[in-house]
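Here's a quick tour of some ring contacts and enclosed spaces. Have the structure open while you read.

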Amino acid sequence: MQYAIFCYDHEEVVFGWTKEQDDAVIASLDRAKKKFVEKGRLGPTARLMPTTAATTVRKAKEPIVIDGPFAETKEQLLGFYVIDCDSLEQAIEFAKDLARSSNSAGSYEVRPLRLFHAGSLER
Amino acid sequence: VSEGIDGAWLDMALRGARPRALSALLRYFGQLDAAEEAFQEACLAAIEKWPKNGPPRDPAAWLIFVGRNSGIDAARRRGKEKELPGEEQLSDLGDTESSTAERLDDAHYRDDILRLLFICCHPELPATQQIALALRLVCGLSVEQIARAFLVSESAMEQRITRGKNRVAEAHVPFEAPGAPERAERLTAVAAAVYLMFNEGYSATGGDSHVRIQIADEAIRLSRLLLRLFPDEPSIMGLLSLMLLHHSRAAARLDAQGNIVLLEDQDRALWNRDMIAEGIALLDKAVRHDRPDPYQVQAAIAAQHARAPRFEDTDWARIEKLYLVLEGLTPSPVVTLNRAVATSKVRGAAEALELILPLASQLSSYFYFFGVKGAFLLQLGRLAEARTAFDRAIALAKSPAEAVHIRLQIDRLTKESDSSCRPTSGFPNDPC
């Protein structure tokens with residue numbers, strides 16, 4: 001079974017860390033990941049930029065672009081994509097294509113990545 | 001992180017929660033002193049309880065709730081007869097803690113925080129008082145830290161802050177939710193003060209550099225907060241982008257002696273890539289609104305520098321265009337001066353010099369004007385005139401770092417006259 005693990009925290013705390021504090025946390029997380037890395041069982045990992053860098057595309061026939069993160073209400077996180085784009089515009093276009101292809105009422109949040117490792121997972 | 005919570009986490013959580021908690025308490029008690037005192041009590045309780053019981057999910061809500069109770073207790077102790085909320089609403093801090101506080105404050109907290117910021121940045125206060133007040137009240141820096149940053153004694157800073165508080169108390173900023181135009185006005189005033197705060201931390205070279213960097217960090221934190229409150233406001237996206245892109249160079253712009261390192265001489269490997277990436281992401285968002293303002297255009301200029309792997313790769317033609325746009329938005333001789341630096345790279349020093357000569361009377365006491373003029377003259381091989389301009393710049397330098405910076409130019413000048421000329425590019429076009 002493959003699992004995705006999501007990290008939740010207070011961004012005003014995490015983004016308030018000094019470089020030294022942040023490096024220490026990353027080093028500590030790397031130690032925790034080691035077992036899975038060595039067995040080739042760790043998939044992609046990413047750190048996101050703050051929610052202030054996010055844009056949301058709401059599903060509709062003509063999808064609506066809204067500044068800011070997707071504010072969690074009744075919907076649940078169901079999945080994610082990682083894409084490489086030349087511009088925010090291109091990322092929003094992709095999200096709009098996804099939004100048009102769905103007949104439900106959710107949203108896609110477009111959030112730039114701070115850090116990305118492709119990982120070693122096959123399949 | 002490791003199990004339990006450490007001091008750094010606790011400190012950041014308290015500081016992160018401060019604007020929301022303090023502004024909610026201010027709404028509740030109606031007076032800055034009472035709100036501050038209640039917040040202080042709540043922090044003491046947090047320091048005692050969080051390490052033992054684990055941190056609450058919503059630190060701000062916890063602090064608001066505990067602060068309200070302690071404030072009410074204090075009022076009781078002083079024997080003031082007031083209509084107080086029923087005991088059942090206040091006494092249980094169990095599971096309902098965060099939901100109660102949220103119900104009380106969430107609807108208003110955006111305007112509450114804006115109000116608190118607006119009080120600190122009240123147009124009636126001089127700029128230095130605005131910044132000191134915001135650093136003390138909203139960011140929670142100690143009087144001692146702020147005094148160190150501004151190179152004044154602790155008692156003088158204490159006085160400045162107290163005077164500021166008294167003045168805003170007399171200004172009677174109403175508690176009612178503001179209308180849309182008023183809200184926009186407040187946001188503009190607050191954004192301007194946050195930018196001043198950033199420049200105070202970023203530009204000045206006197207004082208304790210550690211505290212100064214912290215002040216620039218605080219300004220960035222405040223504009224992140226503003227953008228969370230007003231997520232679709234392009235001017236705040238531009239402001240935050242601008243500050244991140246400039247601050248990304250912090251480690252490269254001063255040498256070991258604390259002297260300014262020119263943009264062209266900076267070690268770009270020291271630039272903070274995370275800040276650059278975030279700054280550019282925010283600029284992309286702002287641009288989509290098609291409402292350029294000075295913050296956004298300055299951010300676009302900074303982004304051009306950030307994108308260039310080496311100084312030689314800088315897209316000066318693009319930067320020249322952006323300065324033209326900036327001149328259109330905020331005409332000023334200083335902006336023209338900056339445009340001229342870009343012009344000199346694109347079309348040569350002769351045209352650039354033509355552009356700045358008419359500014360001489362307006363910028364007759366401006367350090368950078370003579371630095372730039374000297375650099376242009378140097379490139380044109382007019383060495384004696386270049387020296388006169390550099391001497392004037394040194395006379396106008398406000399800090400040793402500025403003077404050293406010009407002396408380096410003069411050293412180059414001396415070298416130029418000794419050997420064959422390789423025109424140097426001279427000066428930073430924006431505060432490096």
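## Aromatic pairs in chain A

Keep in mind that this is a predicted model. Searching the whole structure turns up 11 aromatic pairs over all chains. One of them joins Tyr81(A) and Phe94(A), with 5.9 Å centre to centre and 85° between the planes, an edge-to-face arrangement. Tyr81(A) sits in the loop between β3 (64-67) and α3 (88-100) of chain A, while Phe94(A) belongs to helix α3 of chain A, so the contact ties together parts 13 residues apart in sequence.

How open are these two rings? Tyr81(A) counts as exposed, at 52% relative accessibility, because the cut-off for exposed is over 50%. Phe94(A) has a relative accessible area of 29% and is partly exposed.

## Tryptophans in chain B

Over in chain B, Trp50(B) and Trp62(B) also make a pair: their ring centres are 5.3 Å apart and their planes lie at 75°, so this one is edge-to-face. Trp50(B) comes from helix α2 (residues 32-53) of chain B and Trp62(B) from helix α3 (residues 59-77) of chain B, so the pair ties together parts that are 12 residues apart in sequence.

Are Trp50(B) and Trp62(B) buried or exposed? Trp50(B) is buried at 2% relative accessibility, and Trp62(B) is buried too, with a relative accessible area of 8%. Both values fall under the 20% cut-off for buried. Trp9(B) joins in as well: ring pairs link Trp9(B), Trp50(B) and Trp62(B) into a cluster.

## Arginines over rings

Chain B also has arginines placed over ring faces. Arg68(B) lies over the face of Tyr28(B), 4.4 Å from the ring centre. Arg392(B) does likewise with Phe370(B), at 5.4 Å from the ring centre.

## Cavities

Now for the enclosed space. Three cavities of 30 Å³ or more show up in a search of the whole structure, and the largest holds about 170 Å³ of space. Its lining is made of 16 residues, and the closest to the centre are Glu12(A), Arg221(B), Leu222(B), Leu225(B) and Arg228(B).

Which elements give two or more residues to the lining of the largest cavity? They are α1 (11-14) of chain A, plus α1 (7-29) and α10 (209-229) of chain B. The biggest share comes from α10(B), which gives six residues. Sorted by class, the lining of the largest cavity has seven nonpolar residues, seven charged and two polar.

Note on methods
Residues numbered from 1 in each chain as written. Chains lettered and ligands numbered in written order. Predicted model: local features only at pLDDT ≥ 70, side-chain atom pairs only at ≥ 80, totals over all residues. Heavy atoms only, no water. 1 Å grid on protein atoms, 1.4 Å probe; cavity = no way out; pocket = protein on both sides within 12 Å on 5 of 7 lines; lining within 4 Å. Points joined across faces, edges and corners; volume = space filled by probe spheres on them. Helix = DSSP H or I, 4+ residues; strand = E, 2+ residues; numbered from the N terminus. Nonpolar A, V, L, I, M, F, W, Y, C, P; charged D, E, K, R; others polar. Phe/Tyr/Trp six-rings, centres within 6.5 Å; stacked < 30°, edge-to-face > 60°. Buried < 20%, exposed > 50% of the residue type's maximum accessible area, 1.4 Å probe, protein only. Lys NZ or Arg CZ within 6 Å of the ring centre and 35° of its normal.
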